[in-house]
Amino acid sequence: MSLSEIMQKKERLVIGLMSGTSADGVDAALVHMEGCGENTKLRLIAYISVPFEKDVREQILKIAEGNYGGSAELCRMNVRLGYLYLDACKRVCSAAKVKESSVDLVGCHGQTVYHQPSPEIYLGQALTSTLQIGDPSVICEGLGTIAVSDFRVRDMAAGGQGAPLVPYTEYLIYRDPGRNIALQNIGGIGNITYIPKGAGLGDVTAFDTGPGNMLIDAAVSRYSQGRLIFDQEGRIAASYAWDERLLTWLMEEPYLKEKPPKTTGRERYNRDFVEKVYTKAASLGVQEGEVLTTFTRYTALTIAFSVKEYLPAIPERLIVGGGGSYNLTLLRFLKELLPETEVVTNEEIGWNSDAKEAVAFAILANEAVSGMCNNAPGATGAAHPVIMGKISQ
């Protein structure tokens, strides 16, 4: 089906794909979409998550450090990820018992391997830059459909930070005429969206709060000598106390003091950062289990700090999504630190935490082919609304 034919359809079957900074796999959501903009109606048909094989994940994380590999490495990984994304599309269709040929559109975030939201001098010019890889042409060829990808760059060209991208979709889905709400996603990085009661899109505030699961996962891997990649329900963290001295030292990290709009990622909270923390912990006599709990408390504290310092008002409800929403210790810390706010998960209000970001990219793709601006300038700092996403067919 051609792009012009898809643009004329009132209802579309869309796959959204997401692979985040944790690089643990591909999330795929098959969504029935009707309309666009504030008239969007959607229904989640199926969701799956396909883990990356260990060697793929390790290679992605190396590349994302910013100083590993070269053009050949990026070239090969770009295509390899394209095939992994195609496989996820086929699997979600199979799970839904839907013919692949019935899919109208795929929205693919791609894998972020570097993100530089603040201007730096390069060859005599101050510029920002970002790179998401995962060749959408592989999806087009293998699925016989149109793909929309590489969303961040258009927002950055308009002076934005290219992140966070989901606030636009959160506004469409979660806006509440009766109360102020905030949505906290806890993936590899934490990001928050604030939607005042009765808000228009221009009233939405959003930014990255700091590390989400990234530091916790690194500590779990170290604690378990590589046997585990995450802390199931926060059970390990619940077994230890956090160290207040180390926590106080972590809270001096400069990113927390930066005012929004702002975004961050693995270029900051990387292996070097983790090693620096463990060196500090050793000097204080802090055990590895205590470092893990301190990271968990730190993640909760960065969120609470962001709520109190940078949101226009304390939200009446905070909706938590992403993998971190299953960490019961992290949720308990959040509730302790935000006593005035009702802290709930997406599941508690009838949504799927795991599928949320994949659904978001289905929505962003649907908006792009509908000719709708799909960034939230109040969140990214862009000078004006733009249509994000490159269309491959």
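**Close-up 1. Ala95 in helix H3 of this predicted model.** Let's start with Ala95, a residue of helix H3, which runs over residues 71-96. At 45% relative accessibility, Ala95 counts as partly exposed. Val153 makes a handy partner for a distance check: Ala95 and Val153 are 58 residues apart in sequence, and their C-alpha atoms are 32 Å apart in space.

**Close-up 2. The largest nonpolar core.** This core has 37 residues, and the members that touch the most others are Leu105, Val148, Phe151, Ile195 and Leu364. Several elements each supply at least two of its residues: helices H1 (3-8), H6 (167-174) and H13 (356-369), together with strands E1 (11-18), E2 (25-34), E7 (146-149) and E8 (181-186). Which helix gives the largest share of this core? That is H13, with nine residues. Gathering of this kind fits a general pattern: in soluble globular proteins, nonpolar side chains tend to be buried together.

**Close-up 3. The surroundings of Leu364, and a second core.** Once neighbours within four places in sequence are set aside, Leu364 is in contact with Phe151, Leu165, Tyr168, Thr169, Asn374 and Met388. Another core, of 35 residues, lies apart from the largest one; Ala28, Leu30, Val92 and Cys93 are among its members.

**Close-up 4. The hairpin of strands E2 and E3.** Here E2 pairs with strand E3 (residues 41-51) in the antiparallel sense, over ten bridges. If you would like a place to begin tracing the pairing, look for Gly25, which stands opposite Pro51 in E3. Six residues lie between the two strands of the hairpin, and Gly35 takes a positive phi near 75 degrees.

**Close-up 5. Helix H10 and its two faces.** H10 (residues 271-284) has 14 residues and reaches 20 Å from its first C-alpha to its last, close to the 20 Å expected at 1.5 Å a residue. Its buried residues are Phe273, Val274, Val277, Tyr278 and Ala281. Why do they sit on the same side of H10? Because they cover an arc of only 135 degrees around the axis. The spacing behind such a pattern is a general one: an α-helix has 3.6 residues a turn, so residues three or four places apart point the same way. Turned away from the buried side of H10 is a face carrying the exposed residues Asp272, Thr279, Ala282 and Ser283. The cover over the buried residues of H10 includes helices H7 (214-223), H9 (244-250) and H11 (288-310).

**Close-up 6. The two ends of H10.** At the start of H10, a side-chain oxygen of Asn270 comes to within 3.2 Å of the backbone nitrogen of Asp272. Just after the helix, Gly285 takes a positive phi of about 75 degrees.

**Close-up 7. Ser353 in the loop between strand E12 (342-345) and H13.** Is Ser353 buried or exposed? With a relative accessible area of 2%, Ser353 is buried. Its side chain makes a polar contact of 2.7 Å with the side chain of Glu347. Beyond its neighbours within four places in sequence, Ser353 is in contact with Val320, Gly321, Gly322, Ser325, Tyr326, Asn346 and Glu347.

**Close-up 8. Asn180 in the loop between H6 and E8.** Asn180 is buried, at 14% relative accessible area. A polar atom of the Asn180 side chain lies 2.9 Å from the backbone nitrogen of Lys197. Leaving out neighbours within four places in sequence, the contacts of Asn180 include Tyr194, Ile195, Pro196 and Lys197. Also in contact with Asn180 are Ala313, Pro315, Glu316 and Arg317.

**Close-up 9. Two cis peptide bonds.** One joins Ala163 and Pro164, with omega about -10 degrees, and Pro164 lies in the loop between helix H5 (152-157) and H6. The other joins Pro260 and Pro261, with omega about 5 degrees; look for Pro261 in the loop between H9 and H10.

**Close-up 10. Positive phi at Asp150 and Glu233.** Asp150, in the loop between E7 and H5, has a phi near 55 degrees, a positive value in a residue other than glycine. With a relative accessible area of 16%, Asp150 is buried. Glu233 also has a phi near 55 degrees and is found in the loop between H7 and helix H8 (235-238). Glu233 is partly exposed, with a relative accessible area of 36%.

Conventions. Residues are numbered from 1 along each chain as its sequence is written. This is a predicted model: local features need pLDDT of at least 70, side-chain atom pairs count only at pLDDT 80 or more; totals for chains, interfaces and linings use all residues. Side-chain values use heavy atoms; hydrogens and water are left out. A nonpolar core is a set of buried Ala, Val, Leu, Ile, Met, Phe, Trp, Tyr and Cys residues joined through side-chain atoms within 4.5 Å. Buried means under 20% relative accessible area, exposed over 50%, partly exposed in between (1.4 Å probe, protein chains only). Helices (H or I, at least four residues) and strands (E, at least two) are DSSP runs, numbered from the N terminus. Contact means heavy atoms within 4.5 Å. Two strands pair if DSSP finds at least two bridges between them. The expected span of a helix is 1.5 Å times one less than its number of residues. The arc is that of the directions from the helix axis to the C-beta atoms. A polar contact is a pair of N or O atoms within 3.5 Å; within protein, one must be able to donate a hydrogen and the other to accept it, and residues adjacent in sequence count only if both atoms are side-chain atoms.
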